[in-house]
Amino acid sequence: MWFTTHVITGVVISQAIPNAQAVFGTALLSHIIIDILPHGDNILMGNDMEEPLHAKIDKKREFFLYAFIDATCSLSVLAVLIFSKKMDLVLLFWGIFGAVIFDIISSINYFTRWKWLNKFERFHIWLHTLLTRYFKKGDISPKFALGLQILFVVVVLGALVY
Ligand SMILES: [Zn+2]
């Protein structure tokens, strides 16, 4: 799932629950549930348990381009929200942190290849493939998934701001 999708989900959770620990836990759970939904990553990123994160995007430039666009979108969404809406920043932090910590750990694994993170990465990939393993192509189209996620982010952002 694109980072921005997790971020906006974390934002929604931080606005719905008034307790920091509960926000963090729910946001963490949201990442797990969202990752199980088929979203094109297996075609884009690969789903090789032995070589986590290295199967398809082996060209580092492509990975960085995606990561850069995704991070820019996330920051833009946050900027729009923070300037247009009064929010509890502590809860906002825990919501976003809980929603993205899985991907932060995956990114650390991508760069360091620390062995002790391998188990975690396998679990992350297992989530990604829980439903898609029954799909003929291994996932839905990444472009279609991207379209759905853009729609999701725009609709939720609109609902939050207005
Ligand atoms: Zn994930």
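A residue is called buried if 20 or more other C-beta atoms lie within 10 Å of its own, exposed if 12 or fewer do, and partly exposed in between, with the C-beta atoms placed from the backbone. The structure discussed here is a predicted model, in which local features need pLDDT of at least 70 and side-chain atom pairs count only at pLDDT 80 or more, while totals for chains, interfaces and linings use all residues. Residues are numbered from 1 along each chain as its sequence is written.

First, the overall layout. The chain has 7 helices and 0 strands, where helices (H or I, at least four residues) and strands (E, at least two) are DSSP runs numbered from the N terminus. Read from that end, the elements go α-α-α-α-α-α-α. Of the 162 residues in the chain, 29% count as buried. Contacts come next: two residues are in contact if their C-beta atoms, placed from the backbone, lie within 7 Å. Among contacts between residues at least 6 apart in sequence, 80% link residues at least 24 apart.

A word on confidence. The predictor's confidence in each residue is its pLDDT, on a scale from 0 to 100. The chain has a mean pLDDT of 85, with 88% of its residues at 70 or more. Among the elements, helix H3 (residues 41–45) has the lowest mean, 68, and H2 has the highest, 96. Where pLDDT is low, the predicted coordinates should not be read in detail.

Helix H1 is a good place to zoom in. At 1.5 Å a residue, its 14 residues should span 20 Å, and the end C-alpha atoms are indeed 20 Å apart; the expected span of a helix is 1.5 Å times one less than its number of residues. H1 is mostly covered, with 10 of its 14 residues buried. The buried set is made up of Thr4, Thr5, His6, Val7, Ile8, Thr9, Gly10, Val11, Ile13 and Ser14.

Two of these H1 residues show where the helix packs. Threonine 5, found in H1, is buried, as 25 other C-beta atoms lie within 10 Å. Leaving out residues up to four places away in sequence, threonine 5 touches Ile34, Gln149, Phe152 and Val153. Threonine 5 and valine 153 are 148 residues apart in sequence, yet their C-alpha atoms are 6.3 Å apart in space. Valine 7 also sits in H1 and counts as buried, with 24 C-beta neighbours inside 10 Å. Beyond residues up to four places away in sequence, valine 7 touches Ser74, Val77, Leu78, Ile96, Ala99 and Val100. The C-alpha atoms of valine 7 and alanine 71 are separated by 10.0 Å, with their positions 64 residues apart along the chain.

Valine 7 also turns up in the largest nonpolar core. A nonpolar core is a set of buried Ala, Val, Leu, Ile, Met, Phe, Trp, Tyr and Cys residues joined through C-beta atoms within 7 Å. Of the 14 residues in this core, Val7, Val11, Val23, Ala27, Trp94, Ile96 and Ala99 touch the most other members. At least two residues each come from helix H1 (3–16), helix H2 (20–36) and helix H5 (89–112), and H5 gives the most, with 6 residues. In soluble globular proteins, nonpolar side chains tend to be buried together. Valine 11 touches Leu81, Leu92, Gly95, Ile96 and Leu160, again not counting residues up to four places away in sequence.

Leu160 comes up again with lysine 85, which it contacts along with Val161 once neighbours within four places in sequence are left aside. Lysine 85 lies in the loop between helix H4 (60–84) and H5. This lysine is partly exposed, with 13 other C-beta atoms within 10 Å. Lysine 85 and leucine 160 are 75 residues apart along the chain, and 8.0 Å separates their C-alpha atoms.

Over at helix H6 (residues 118–129), the 12 residues should span 16 Å at 1.5 Å a residue, which agrees with the 16 Å between the end C-alpha atoms. Its buried residues are Glu121, His124, Ile125, His128 and Thr129. Seen down the axis of H6, they fall within an arc of 130 degrees, so they line one face of the helix; the arc is that of the directions from the helix axis to the C-beta atoms.
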